[in-house]
Amino acid sequence: MKMDMRVANGILDLHSLKGNLYGGALTVKARASSQKGQPINLTAHLKDAQLKNIAPKQKEIKVLKGLFSLDADLTTAGQSEHQYVANLAGSMNFKGTKGVISGFNLERVVKDIENTRDLGAALGLLNDAFSGGQTKFDSIDCVTSIAKGEARIKKFLLDAVGATVTADGSVNLLKYWMDILATVTLDSKKLPPFSARLYGPLDNPKHKLEAGKLQQYLLQNVVT
């Protein structure tokens, strides 16, 4: 790691920090002042980090494996950790390829739902899919904007094994709370898409299915 930093008149300027993180190239610039009311600015870029063997926590949604890149441009101000989070603003975007994400399991749905002949079992599969587990993906792309400690999803696209997931919603960092609506389109052209609302604590969210069209299709075409 190599760093170029200057301190003068109570102002810290991190002109550049370059290093290696998880095998990826990390660059950081930052500025912080001891003067009251002055903002803290941070920009960070991480390219092609190789994540692996990261342990999930309950139902927490996080990338566990894969090639990962991150771009962050953040600013905040305050006199305490609470104020720093409450005043956080900017953007944070990430992309990943060939990895695993935790929090839900779509592979069993893709594999088994067309073969079920019982509506209760089919709906049980959907519920189980968002009750934890892991999903392999080919690519993931997320773009967020942050204001007053709340991150809003402007774009989320997950190309998973057998399914595509899009999402919008928000994550309140101050309250450690999420409220996101995800729409799942299975690769099978016969099956209509379904949605799931994920809400609650970030490390253990609840879910509510919105699968009326899929349920109707199963009643009419699959269940005997």
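Biologist: Which strand does Asp-13 lie in?
Modeller: Happy to help, and keep in mind that this is a predicted model. Asp-13 belongs to the run of residues 11-21, which is strand 2.

Biologist: Does Asp-13 count as buried or exposed, and at what relative accessibility?
Modeller: Buried means under 20% relative accessible area. Asp-13 falls under that cut-off, so it counts as buried, at 19%.

Biologist: Leaving aside neighbours within four places in sequence, which residues is Asp-13 in contact with?
Modeller: Beyond those neighbours, the partners of Asp-13 include Ala-30 and Arg-31. The others are Asp-4, Met-5 and Arg-6.

Biologist: Met-5 is also part of a nonpolar surface patch; which strand supplies the largest share of the patch?
Modeller: The patch is made by Met-3, Met-5, Val-7 and Leu-12, and covers about 370 Å². Met-3 has its place in strand 1. Three residues, the largest share, come from residues 2-8, that is, strand 1.

Biologist: Nice! How many residues does the largest nonpolar core have?
Modeller: Among the residues with the most contacts inside this core are Leu-106, Phe-130 and Leu-214. Helix 3 (119-129) and helix 4 (212-222) are among the elements that each supply at least two of its residues. The total for this core is 44 residues.

Biologist: And why are the buried residues of helix 3 on the same side?
Modeller: Good one! The buried residues in helix 3 are Leu-119, Ala-122, Leu-125, Leu-126 and Ala-129. They share one side of helix 3 because the arc they cover around the axis is only 120°.

Note on methods
Residues are numbered from 1 along each chain as its sequence is written. This is a predicted model: local features need pLDDT of at least 70, side-chain atom pairs count only at pLDDT 80 or more; totals for chains, interfaces and linings use all residues. Side-chain values use heavy atoms; hydrogens and water are left out. Patches are made of residues with over 30% relative accessible area and no salt bridge: like charges are joined within 9 Å, nonpolar side chains (Val, Leu, Ile, Met, Phe, Trp, Tyr) within 5 Å. Accessible areas come from the Shrake-Rupley method with a 1.4 Å probe; for residues, only the protein chains shown count as cover. A salt bridge is a side-chain nitrogen of Lys or Arg within 4 Å of a carboxyl oxygen of Asp or Glu. Helices (H or I, at least four residues) and strands (E, at least two) are DSSP runs, numbered from the N terminus. A nonpolar core is a set of buried Ala, Val, Leu, Ile, Met, Phe, Trp, Tyr and Cys residues joined through side-chain atoms within 4.5 Å. Buried means under 20% relative accessible area, exposed over 50%, partly exposed in between (1.4 Å probe, protein chains only). The arc is that of the directions from the helix axis to the C-beta atoms. Contact means heavy atoms within 4.5 Å.
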